[in-house]
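Q: I am new to this structure and would like a close look at a single part of it, followed by an account of how other parts are packed. Please go slowly and say what each residue touches.

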Amino acid sequence: MVKRKVGALEKIDANLSNLQYKIRRDPTSYKEDFLNQHSQYEHQREIFLQAPSSATDDGIISIRDLIDFVAHVADCYPQDTAQFPQDLMNILNTHHEELEPELREKVVGSLVLLRRKDIIDSPTLLHALFPILISTQSKSLRTLLFQKILSDLRTSNANTTNHRLNRTIQTVLYNLLTSDRTSSKGLWAVKLTRELWKRQIWTDSKAVEIMKEASLADNEKVVLGGIRFFLGGDKEREELEDESSDGEAVDMGRLKHQMAINKKNKKKARMMESAVATVKKKEKKKKQPHPLNFSAFHLLHDPQGFAEALFSKHLHNTRSKLNLEQKLLVLQLVSRLVGLHKLTVISLYSYFLKYLTPRQPAVTSFLASLAQATHNLVPPDVLEPLVQKIANEFVSEAAAAEVASAGLNAIREICTRQPLVMNDTLLQDLVMYRKSKDKGVMMAAKGLLSLYREVGADMLKKRDRGKEAAMGLRSGQRKEQRFGEEGVGEIEGLELLERWKKEEREGQRIEKGLPAEKGSEESGGEDEEDPGDWEVDEADTDDSVGWINVESDKEIDISDSDDDKPAAKKAKATSATSKVDDDKENAEDQVATAALKLSSLATTRILTPADLAKLQELRLSASINQQLPASQRKRAAQQAAALQARHADDPLTAAEIEGLASLSKKSTKADKIALAKAGKGDESVHQSTQAKRKEKKEALGKSTTNKEKARKKNFMMTLGKGKAKGKRSLVEQGRVLKAHVERSKRGGKRGNKGK
Amino acid sequence: MGSSARKKKEKKRDFKRPKLKVGKARPKSDNFTDTSFKAKAIVLARQSLTTNAPSQSTQFSHHLSLLSSRSSSQRRDSLAYLTTAIASRPVHAPLPQPVSVLLPKINPLILDGSNSVRSQLLKFLNTLPSREIDPHIGHTLLYIRAGLTHLAPDVRSSATDLLLWVIETCPNELVSCTGGWVKTLKCLLTVLHWHAATLTTGKGAAAGANAWSSARAPTLGKEGSEGKLPVKTLNVLAAFLRAGLIEEHGTDADATYSHKWPFPLRYVEAHTLPKRSNAFAHLNLFGPSRDEESEMYVEREERQSIFQKRFHACVSSGVEAAKREGGEVGRAAAGVAKVLVEGMEDYELDR
């Protein structure tokens, strides 16, 4: 058969993508064509609906292409395509099981496209997709839908938080969880919530409420999803934040250098501009106040009820289907709740009793959980049998060293939180283990000893008390703490900060040549708030010289703008009264005034983050510096800082209980070698240090020296010059030599003057 | 480097072509293997000369399955085979496969990309007995409508031919099946670009004046191998309107029938079993609910009223515009106008 001649234009024109392109450029002119294709789409849809499962693709144009086409140009003809999104939703809703995968994907993609073009709104889209997500059997479709739903939620929360949308979706998820507690469909609610929590899109208590419902569900998977969220969700969020903040750091110096060297063109200039913009944006972001992110624990509405429900449902319940590992997770969550919110779940402690034997699998986790569940409001008589049991079962001469050290550690952790559980016979008995041969046991016992030197020295034998504690006891400074006693609320070390501030201020005034004391009528441009004061300076860590430029005596004016002058004066007056008059005054006087004006600093000023950081530092140095000789000061400071770094919200893990046990185990040679090799990097390639450096330089994309270039130069390229060299006349030779000298003086061909 | 003449020659030898000479045996190649052998006797295993040829019916179903083949020539040939098989069967013999099996296979070919397949398809459909097609026409109509607005002009043209065929074979079923009246009409109007929105909102004379210039918006692609699509479509439209609006020859027998029966019997047809297949389809007891467009319009009055309501204005203005264009298009438009007048005159009287 002879092939019919086809004109080039005809060949090109008759496809949907071309029509789409033309429509996008000029919608009104191509309306007729669009209507044709739209009715074509409708007919194909009818044909498809007659037999959805056996939709064939052998025609020239498949329904898939038509759906794609209509979705892309739908925004040009809103009236004609008003029914289109609803049609797609119907198809997806009724036939998603039997649709062929590609068509299904196209329908979902088109719906999302329509959302992007603002033809349908987010709630509509999510209400269409979410039911399918939880009901479909197909894994690929689930993945696709989950991703689309997530990205839609992210985009609609990108600029401002879309509270209405969030609320509706959260309600949907909540209802999904509460309507059928036994089904595993709730897992999608958990997944979605966790993902959005991680990305800080949902940070409110409603999301936490969803997870709370999840962890009280009947399905194991859902329960574990909820529990894991509480145990790890916040950490995950922080990690993601860190990642995003230090990711793709732009090296401006390098870029500028490259701009100076490489050929300049518009593209490069544009790239440079965008890099500058991103850097600026990042800087701005860094300056912004940190958003308040409460951890999921703090957003819980009824922690007591939650902890009780969790305990009675999953742990105390004999019909609970969870295995040991899962139960441990639940236990961790319950004990963290109890410890953090100081809840009272009395039956929890007797629950532990059964598990506190060295033979119990994962006993260290149980010990850690027990310690975590202890706080100063737990009655000591509830805890006492537990501590006694740990001491009996774990800590004995007969027990293995690891077991003993774990037991001692656990006892110490419990006693840190509730010192009243200990009685003196047991304590003295346990402290004796500091003479143990095994290092782990010895250190654990010493830890316990040093703890009780602080909190209950009178229970120790006289010779164990130590100098400071003994003196404190004798002078009556140290008092025994009673159950339920709370210290007077104050900011520890505030007087130190105040004194330091005063010194700083005086130092500044002396620098300026003013008298050290400031008159109350003096005022000036000082009062303007400099945003730089607010932030903690990252560059200088502990050298106090760097802290001078933090001018903290300036006040933040919170009053209204129209009457700011009198208010400022008043504030000045109060600050003037709060000042300690003279540095010649003796120390007792200082103490007395500080005690009198204890709270004045905190009540009259807002402490900036810089202030707080300084306060922390002062507190540390004050606690260390007094007692120790200079040689040990540094080490003590490090230890104290490490202790400080541990946040009160951080969980106590089994690793911390086991901690010292690694010391008591004798390490094999292989272990030692592995330990020594760790962090050395890959040693498989033997290279000289020079070669390594060179490789590193090359990997960084840095340039080579002239010498290196000369060394690498192709031999054939040097031949010509070599030949010519032989034929030079004497005069020429002289000229060349002179030029060489001249060049070396100048410092290279172009000179080395720089710019 | 190796510059000796011997080495060069050695290298060249590999690529030398053997010279062939007329009348002489071909020189044997290097890897020639002698496969000849000697034997005392040669015995052939017993072979039968008769083969089991596949029966007529299996061949038929085989070709039916080949209709969804990848190659267009294969589809065409199979279709041709089916055509001859049906045409050459003895008179009054039933079809090798029932129409309900044939049509689902055949229908997708209406949108086939190849011209020859589609022309062969028309031939095939012509061989089918019209009475048996009647109940299935609704499904075929779906494809025909899709063909009418197809992106490829050739498909559009052949779909128009097919619509004409349907009008000729089973006009009653065509206009009274689900969506057969309104949707088809709408589709035809879209093809003619007599779009309801533009023409009804256009302010009468102004719209007409625009149509004068016949400067239509630029359309995509050419008109295909046959450039006279509008004329053809107009003719089809006329035929379609005639089928829908003007009283059919079958129904005017009503009167004669009433004469046929003796006195006590009146309107016997209303009480006997209906002759149509699926007589209660218009009640739509089990299907999804229908809207105005996909509703069945069984009676002529119904069709007239919906036509009056939705299409009359734009069809008549479109016809006016086409008439003014003159020539072949004008003549065809005049045909439509005539049908329009004929079909709608008694409706006007009713009102």
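A: Leaving aside neighbours within four places in sequence, A:Arg181 is in contact with A:Glu213, A:Leu216, A:Ala217, A:Asp218 and A:Asn219. These contacts come from a predicted model, and they belong to a residue that sits in the loop between α9 (163-179) and α10 (186-198) of chain A. With a relative accessible area of 28%, A:Arg181 is partly exposed, because that class lies between the buried limit of under 20% and the exposed limit of over 50%. The C-alpha atoms of A:Arg181 and A:Val222 are separated by 9.0 Å, although the two residues are 41 residues apart along the chain.

Another loop residue of chain A can be read in the same way. A:Val250 is found in the loop between α12 (220-246) and α13 (252-261) of chain A, and at 34% relative accessibility it counts as partly exposed. Not counting residues up to four places away in sequence, A:Val250 touches A:Leu255, A:Ala275, A:Thr278 and A:Val279. A:Val276 is 26 residues from A:Val250 in sequence, while the distance between them in space, C-alpha to C-alpha, is 8.8 Å.

The setting for both loops is chain A, which has 37 helices and zero strands. Of its 755 residues, buried residues make up 36%. Among the contacts in chain A with a separation of 6 or more, 70% are accounted for by residues 24 or more positions apart.

Two helix pairs of chain A show how such packing is built. The axes of helix α5 (residues 84-95) and helix α7 (residues 122-135), both of chain A, come within 10 Å and cross at roughly 15°, which makes α5(A) roughly parallel to α7(A). Their contact is made by A:Met89, A:Leu92 and A:Asn93 of α5(A), together with A:Thr124, A:Ala128, A:Leu129 and A:Ile132 of α7(A). Sorted by character, the residues of this contact are five nonpolar, two polar and no charged. The crossing of α5(A) and α7(A) is left-handed.

Helix α16 (residues 324-341) and helix α18 (residues 363-372) of chain A pack at an angle of about 20°, and their axes are 8 Å apart, so α16(A) is roughly parallel to α18(A). Here too the crossing is left-handed. From α16(A), A:Leu324, A:Leu328, A:Leu331, A:Gln332, A:Ser335, A:Arg336 and A:Gly339 meet A:Ser365, A:Phe366, A:Ser369 and A:Gln372 in α18(A). The residues of this contact divide into four nonpolar, six polar and one charged.

Chain B offers a helix and a single residue to set beside these. For the 13 residues of helix α5 (residues 115-127) of chain B, 1.5 Å a residue gives an expected span of 18 Å, and the end C-alpha atoms are 19 Å apart, which agrees. Within α5(B), B:Ser116, B:Val117, B:Arg118, B:Gln120, B:Leu121, B:Phe124 and B:Leu125 are buried. The cover over the buried residues of α5(B) includes α3 (72-87), α4 (99-106), α6 (130-133) and α8 (153-169) of chain B.

Finally, B:His312 lies in helix α17 (residues 312-325) of chain B. Its relative accessible area is 19%, so B:His312 is buried, and, residues up to four places away in sequence not being counted, B:His312 touches B:Phe307, B:Leu340 and B:Met344.

Conventions:
Residues numbered from 1 in each chain as written. Chains lettered and ligands numbered in written order. Predicted model: local features only at pLDDT ≥ 70, side-chain atom pairs only at ≥ 80, totals over all residues. Heavy atoms only, no water. Helix = DSSP H or I, 4+ residues; strand = E, 2+ residues; numbered from the N terminus. Expected span 1.5 Å × (residues − 1). Buried < 20%, exposed > 50% of the residue type's maximum accessible area, 1.4 Å probe, protein only. Contact = heavy atoms within 4.5 Å. Axes fitted to C-alpha atoms, helices over the stretch in contact; angles between N-to-C directions. Parallel < 35°, antiparallel > 145°, perpendicular 65-115°, else oblique. Left-handed = near helix turned anticlockwise from the far one by under 90°. Nonpolar A, V, L, I, M, F, W, Y, C, P; charged D, E, K, R; others polar.
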